[in-house]
There are 2 protein chains.
Amino acid sequence: MSKGIQVGDVGDVDDVKGLAQRAKQASHALARAGTSQKNDLLFTIADRLQGKHALLLEENRRDLKNAEESGMSAAMLDRLELTEDRLEVMAKGLCDVAALPDPVGEVSEMVRRPSGIQVGRMRIPFGLVAIIYEARPNVTTDAAALCLKSGNATILRGGSEAIHSNQALAALISGSLTSVGLPPEVVTMMPTTSREAMRALLQLDDLVDLVLPRGGEGLIRFVVENSRIPVIKHYKGTCHVYVDAGADLSMAVTLTINSKVQRPGVCNAAETLLVHQAVARQFLPVVGAALVQHGVELRGCPRTREILREATPTTEEDWPKEYLDLILSIKVVDTLAEAVEHIRKYGSQHTETIVTNDHRAAMQFIHEVDSSSVMINASTRFADGGEYGLGAEIGISTSKLHAYGPMGLRELTAQKFIVFGQGNIRI
Amino acid sequence: MSKGIQVGDVGDVDDVKGLAQRAKQASHALARAGTSQKNDLLFTIADRLQGKHALLLEENRRDLKNAEESGMSAAMLDRLELTEDRLEVMAKGLCDVAALPDPVGEVSEMVRRPSGIQVGRMRIPFGLVAIIYEARPNVTTDAAALCLKSGNATILRGGSEAIHSNQALAALISGSLTSVGLPPEVVTMMPTTSREAMRALLQLDDLVDLVLPRGGEGLIRFVVENSRIPVIKHYKGTCHVYVDAGADLSMAVTLTINSKVQRPGVCNAAETLLVHQAVARQFLPVVGAALVQHGVELRGCPRTREILREATPTTEEDWPKEYLDLILSIKVVDTLAEAVEHIRKYGSQHTETIVTNDHRAAMQFIHEVDSSSVMINASTRFADGGEYGLGAEIGISTSKLHAYGPMGLRELTAQKFIVFGQGNIRI
């Protein structure tokens, strides 16, 4: 399979610019496409994912072979691998997106103004969205599906480890676009994963409307530092469970365990437990035993360790850390205000929950914590587009501009103002 | 009057960072403030604007004297000047913002999910907003008022010509903050207008949540190129009136005249008239005569000039131009699609209007033009926060992310997710 143009020397910027220009031009055709044409497209891609699985698995094996030779870990190899089952899951994902309502064209808040004009807001696609991500090839179809349904052309830049899988998936999507009468450049895979090409892409603020980086902190930092295009960040999740003086302690144990151990490797798992000093002596031994039973390693502040001898001491590095593992840092706080301050200082604006039956404490926490998801008496693990009813998510934004928290189809659109008059003039 | 710290040498970055850290710290107190405390503050500032007018006018005279000596134009001097009447208008603006509903804390779309949790969205301030603008000192109080009401601390960076006026206004605002029990750093004026200090400010993406540049293209370009902080752009307004084949030509004359001449120096005035070829022979002589009568200089494409001899030839530079003056460029187009394409190529995504009684043409225009305001049979001059019912506007965004078109109080806030449970866990 051809890798298309190679971007890697002096011609870089022009090549990337040409690619972005063609994608932008193609975006206009997609923006005009109706819901049924977009759904036909999603079904076509789903069909071909299963019909062409032999070719896809072959290209994926090339990536796996290179990755093995370069000594990739077993966990990472597993993320990289495509199987017939995984292709079926990807196909199902495309059909799920087809079933979601089309956000484009929705008109809201239409009112008549004293001047006689009617003013409302209409939802429109951004135009061209760049998605920069790392090794998992299933992101290629997931991201393309959400962008297609929301009417956005996409430039995808996947990880170098998955280049052959991604090129094969992109070719399949482009073929599907052609078959439903849309330009193949509506979904464009960057033909290279070089940082130079990415840097060139990130300068094109006249062509690309939005950049979504998904991956490690290094990648996101690189994008933020080099982009003239607006970026919606998806940083890490250092999520907190705060057990208040007014907590139902049995509920607090349940919520702490679920938040930490139900799936420790994901961003909405809890990393730190904050406990009000009024309940620490009663609560910590019980939750500590339950956590240890679930295989969780405990690290604690000095006051925690007075009660929980098995906890090792925390260092300043523990508090902002996203362990993504069965490790929990624990701190005893004097007041709710101290918990809020700790979250503000060390949190990542992802998800925090308070366990309490004290209404005033619950309201204070909900108002004063400004993370993207703030919960009362619920597991942090609920912070998810599917759980929130968004249908599917392209990621979880931890920056406040435009979208904050799980982002679904609606968050991939903008709103313009529309005005209906009958010859009205301004006086 | 002290100018506070001076930023201009090696200490730059640290000084600006310290200032931003104090402003961010202060933002938490403002975010907790209730609506009545914020309104008290706005009324206090309004009172003092009138009570301390002698001091303010004296500082303003220092700016005027420097500006005159440096040869500033009469029009610019007029924009820079403060008078008792203008201070009264500024005070009235503050009271108007106090009268608007407080967007902070609004909860919407709360639903119960199958898991049993309740999920909704709550409106919150961004935190710390930087506003970078040019010479007019009234922007200082207008921008501060909207940020205060929406719960955002502000770093203001005004133009060097207005530095004494702005410092005096900022001192007055800080004094008012103290008097209502809020930290004076909630509104912080940059003590210097140097580009180095601005560049240092624009690197602080961990402290500043949003940058709003208001001014000429050079300033905005500088901000976009140097900022790691999300930017909402307020570019120019190259607005179009498109007279369709299905237009009521008498209405088309009225709307063209109003869009062009009612206030030619502002961003929502029309700069280009596009005319469908089917009506050009009938329409152009009538509208041309009316425009000339209003003192408008006409520039036309070759087909326009066959009909309107008095129009001078347009060049490629005319089409993207924001004249901000009594000049209009005119182009005859073959189809609505050509008009849409022209707007896409040369427009600035501000405001476009179609004049037509053909429903299909109207709907095509509304859907295919993706400017921030798209109108049917209405003057472009309506593109304004006040006219749209937003109450007051901090500017008009021409980039799609977060806010597109006139921005009011609501557009100065974000939405976080809130979740209410009764001990719900994820299974």
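Q: What covers the buried residues of H7(A)?
A: In this predicted model, the cover includes three helices of chain A, H2 (35-51), H3 (53-69) and H6 (138-149), together with strands S4 (153-157) and S5 (187-189) of chain A. A residue counts as part of the cover if its C-beta atom lies within 7 Å of that of a buried residue.

Q: What makes H7(A) mostly covered?
A: A residue is buried when 20 or more other C-beta atoms lie within 10 Å of its own. Of the 17 residues of H7(A), 12 are buried, and the helix is therefore called mostly covered. Among them are Ile163(A), Leu169(A), Leu172(A), Ile173(A) and Leu177(A). Polar names also occur in the list, including His164(A), Asn166(A) and Gln167(A).

Q: How do you know that the span of H7(A) is close to the expected one?
A: The expected span is 1.5 Å times one less than the number of residues. For the 17 residues of H7(A), 163-179, that gives 24 Å, and the distance from the first C-alpha to the last is 24 Å. Just after this helix, Gly181(A) has a positive phi of about 85 degrees.

Q: Why is one side of S5 and of S6 of chain A left without a neighbour in the sheet?
A: The open sheet has four strands in the order S5-S4-S3-S6 of chain A, with parallel pairing. S5 and S6 (210-213) stand at its edges with a single partner strand each, so one side of each has no neighbour in the sheet. From one strand to the next, the twist averages 20 degrees.

Q: How do you know that S3 and S6 of chain A pair?
A: Pairing requires at least two bridges between the strands. S3 (residues 128-132) and S6(A) have four and run parallel, so they qualify. Within S6(A), Leu210(A) is the bridge partner of Val129(A). Helix H9 (residues 217-226) of chain A lies across both strands, at about 160 degrees to S6(A).

Q: Which residues point one way from S6 of chain B, and which the other?
A: Leu210(B) and Leu212(B) point one way, Val211(B) and Pro213(B) the other, and all are buried. S6(B) pairs with S3(B) in the parallel sense over four bridges, with Val211(B) opposite Ala130(B).

Q: What makes S1 of chain A and S10 of chain B edge strands?
A: Each pairs on one side only. They end an open sheet of 10 strands with mixed pairing, in the order S1(A)-S2(A)-S16(A)-S13(B)-S12(B)-S7(B)-S8(B)-S11(B)-S9(B)-S10(B). Helix H10 (residues 249-261) of chain B packs on this sheet, and its direction makes about 165 degrees with that of S12(B). The strands H10(B) touches include S16 (413-424) of chain A and S7 of chain B. Helix H14 (residues 359-368) of chain B lies across S16 of chain A together with S12 and S13 of chain B, at about 160 degrees to S13(B).

Q: How do you know that the two copies are related as by a two-fold rotation axis?
A: Chain B can be laid on chain A by a turn of 180 degrees and a shift of 0.0 Å along the axis, with an RMSD of 0.0 Å. The relation is thus that of a two-fold rotation axis. In chain B, the C-alpha nearest the axis belongs to His402(B), at 1.8 Å.

Q: Through what do the copies meet?
A: Of the interface residues of chain B, 100% are also interface residues in chain A, so the copies meet through the same surface.

Conventions
Residues numbered from 1 in each chain as written. Chains lettered and ligands numbered in written order. Predicted model: local features only at pLDDT ≥ 70, side-chain atom pairs only at ≥ 80, totals over all residues. Helix = DSSP H or I, 4+ residues; strand = E, 2+ residues; numbered from the N terminus. Least-squares fit on C-alpha atoms with pLDDT ≥ 70 in both. Contact = placed C-beta atoms within 7 Å. Axes fitted to C-alpha atoms, helices over the stretch in contact; angles between N-to-C directions.
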